[in-house]
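Student: Could you take me on a close look at one small part of this protein, the lining of a cavity? I'd like to see how that spot fits in with what surrounds it.

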Amino acid sequence: MTWAQLLIALVFVVLGGILSPMYPSFFGIFAPLEWDWNVAQNVAPLSLVYIAMIALNNICLRYVEVTFYQVARSLTLLWTLAFSYFTMDDPGIDQATVSACLVIFSGFVVGSVGEVNFSWAGLIAGAASSACVAYYGIAIKKALPHVGGSHWRLLIYNTPIAIVFFVPVLIVFDELPGLSSIPITPEVRQALIISGVLGFLINIAIFMQVRYTTALTNAISGTAKACVQTLLGYMYFGNEVSQLNFVGIVAVIAGSGWYSRIKYMKMEAQKIADEKNTLDVEAGLAQQNKAEPVPVKVVEDSE
């Protein structure tokens, strides 16, 4: 299913790249088709992380319910914080941030204990999946400079590379025979097209979000999305939720909200500080210009 979605996304990328120079007024947002092996080599690590993330997601869902899957994925914030510390100059770690992360981790532990269908394989796969999700945002940030900061160009390279990397995953999990046995009914085609379009749009949204914000912001958004998925899994699919599992989910959501609040306050404080520095610089320049004597040109009378 995921491989088919990638193929559909590739169709959109190719069509957009072809139509972009022909009809710039309608398809100008798409980047023209291109291929540079040096750029592809630099984008390949991003595609590898993407495939690992999808594969581990599917493994986790094989062994646990959707509700516990979302609790396991909540470790994304902790992984993002750790990766940011080792790969970025300003991780922004302070006591409040650590406290919020401890609340999230506590929710993860309680949710694990309260899982109705607990599985160590699902637990490990979920934790590894959250690590891949966390590093995915950082990998996007590293790959964007190689495509001139264009998320559309990044999509041109990432989509076909991910399709190629996904083939070994299909072979290892013996999914290739199942592809030929899927009945291609109108309902199946419709579901594949809709899911492919949504996957295409989600990738664009993630690339844009990481480009204009940070990997941490992307992780926080993913946690909020997980909250909605958890509620939908309980309401519409009837997944069992024990009391401890419910407490774990609430703790994860609360900790994520607290973490988001901390990051927001830091951004506002930085914004105020930047504005104050700008005003100080402008005031200093104005004072300097006022203090400098204005040269007076003396005109001699000619007789």
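Tutor: Sure, let's sort the residues around the second largest cavity by type: seven are nonpolar, none are polar and none are charged. Keep in mind that this is a predicted model. The seven are V13, F30, A31, W152, L155, I156 and F200. The space they surround has a volume of about 40 Å³, and the structure holds two cavities of 30 Å³ or more.

Now, who supplies that wall? Helix 8, which covers residues 151–172, gives the most, with three residues.

Next, pick out F200 from the lining. Leaving aside residues up to four places away in sequence, F200 touches A9, F12, V13, F30, W152 and L155. Look back at the cavity and you'll find V13, F30, W152 and L155 on its lining too.

F200 also turns up on a bigger list. The largest nonpolar core has 39 residues, and F200 is among those with the most contacts inside it, along with L46, Y50, Y136, I140 and L154. Helix 8 shows up again here: the elements that give two or more residues to this core are helix 1 (2–22), helix 3 (37–63), helix 7 (120–143), helix 8 and helix 10 (186–212). Apart from this core lies another one, of eight residues, including A100, I104, A219 and I262. As background, nonpolar side chains in soluble globular proteins tend to be buried together.

Let's zoom out for a second. The protein chain has twelve helices and zero strands, so if you read along the sequence it's just α after α, by the definition of helices and strands used here. Of its 303 residues, 39% are buried. The accessible surface of the chain comes to about 17,600 Å², and 67% of that belongs to carbon and sulfur atoms. There's also a neat point about contacts: take the ones between residues at least 6 apart in sequence, and 83% of them join residues at least 24 apart.

Want one example of residues far apart along the chain? Try G248, in helix 12 (residues 243–291). G248 counts as buried because its relative accessibility is 0%, and the cut-off for buried is under 20%. V103 is 145 residues away from G248 along the chain, yet their C-alpha atoms are separated by 9.6 Å.

So back to your spot: by the definition of nonpolar used here, the lining of the second largest cavity is seven nonpolar residues, with no polar and no charged ones.

Terms used
Residues numbered from 1 in each chain as written. Predicted model: local features only at pLDDT ≥ 70, side-chain atom pairs only at ≥ 80, totals over all residues. Heavy atoms only, no water. 1 Å grid on protein atoms, 1.4 Å probe; cavity = no way out; pocket = protein on both sides within 12 Å on 5 of 7 lines; lining within 4 Å. Points joined across faces, edges and corners; volume = space filled by probe spheres on them. Helix = DSSP H or I, 4+ residues; strand = E, 2+ residues; numbered from the N terminus. Core = buried A, V, L, I, M, F, W, Y, C linked by side-chain atoms within 4.5 Å. Buried < 20%, exposed > 50% of the residue type's maximum accessible area, 1.4 Å probe, protein only. Contact = heavy atoms within 4.5 Å. Areas by Shrake-Rupley, 256 points an atom, 1.4 Å probe, with all protein chains shown as cover.
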